[in-house]
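Visitor: I am new to this structure and would be grateful for a close look at a single part. Please describe how two of its helices pack together.

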Amino acid sequence: CALALVFSKDATIPQNCAVFCYLDEQCTTPVRTWAGGKGLNPFVVPGSECWIKVQQNVESGDLVRFHLCVIPVHPSLGLALWTLDYLLGRFSTDCGTHRAGDPRLEAWANDPVGLCLKLVENVCTHFDPSTFMRSPVKEAVVRLLSRLSARLTAFSGVGENPESRRVLGLLEPFHDEMAKLYGSEDVAAVTAYLQQVMDLNVIADSLRPNGARLVKEFNLDQQED
């Protein structure tokens with residue numbers, strides 16, 4: 001088992017303060033340090049327990065303030081997500097030699113778009129993008145949604161279907177999250193999580209009709225003439 005540490009969005013660490021995470025009660029085995037002046041990004045503890053130590057200056061009023069949510073992560077979660085993606089890949093390949101009546105491939109062969117859309121809907125229903133806080137678990141979910149959405153790009157006219165537009169609407173909160181992350185992170189050192197959210201938004205937008213796309217054109221080339 002592992003523990004995903006997720007801090008509140010309003011968490012603050014003043015200068016000359018710090019937050020430490022240790023694997024032992026005596027605080028001799030540190031695994032992560034959050035320095036003052038920086039945010040408290042999520043972190044995965046490789047174990048079933050940990051200890052948090054706060055360094056702050058009470059006399060000067062420099063206090064560390066945050067709420068902490070600890071999410072137990074089952075070791076098989078990553079394997080489950082990988083298995084789902086692997087099966088979808090195999091179904092896509094095997095459909096070329098699909099034989100009528102084969103129960104293993106019938107659902108995919110008969111309605112591959114519907115199957116992908118249903119999986120996207122189920123994931124978004126279980127992990128509500130509008131309330132699901134950033135965490136290592138959410139990073140895995142974003143990767144899975146990107147892979148499911150990428151499968152849909154192999155079929156033309158997906159975004160013209162009303163059911164498809166409804167399901168793609170479930171991914172819209174990721175567009176708002178991308179804008180907030182882009183405004184708060186250093187664009188010269190984009191985090192892996194922001195990159196994953198950007199990838200998901202680009203893929204989802206490519207499925208939408210031109211008039212319904214959310215991502216606007218932008219230019220990353222900042223070179224001077």
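Guide: The account below concerns one pair of helices, followed by a short note on a sheet.

The model is predicted, so to speak of local features a pLDDT of at least 70 is needed, side-chain atom pairs count only at pLDDT 80 or more, and totals for chains, interfaces and linings use all residues. Residues are numbered from 1 along each chain as its sequence is written, and side-chain values use heavy atoms, with hydrogens and water left out.

Helix α3 covers residues 112–126 and helix α4 residues 136–152; helices (H or I, at least four residues) and strands (E, at least two) are DSSP runs, numbered from the N terminus. The two helices pack at an angle of about 160°, their axes 9 Å apart. Axes are lines fitted to C-alpha atoms, for helices over the stretch in contact, and angles run from 0 to 180 degrees between N-to-C directions. Helices α3 and α4 are therefore roughly antiparallel to each other, a term for angles over 145 degrees. To the contact (heavy atoms within 4.5 Å), α3 contributes V113, C116, L117, L119, V120, V123 and C124, while α4 contributes V141, L144, L145, L148, R151 and L152. Of these residues, twelve are nonpolar, none is polar and one is charged; Ala, Val, Leu, Ile, Met, Phe, Trp, Tyr, Cys and Pro count as nonpolar, Asp, Glu, Lys and Arg as charged, and the others, Gly among them, as polar.

Elsewhere, three strands form an open, antiparallel sheet in the order β3-β2-β5, where pairing requires at least two DSSP bridges between two strands. The edge strands, β3 (30–35) and β5 (51–55), each pair on one side only.

Conventions
Angles under 35 degrees count as roughly parallel, over 145 as roughly antiparallel, 65 to 115 as roughly perpendicular and the rest as oblique.
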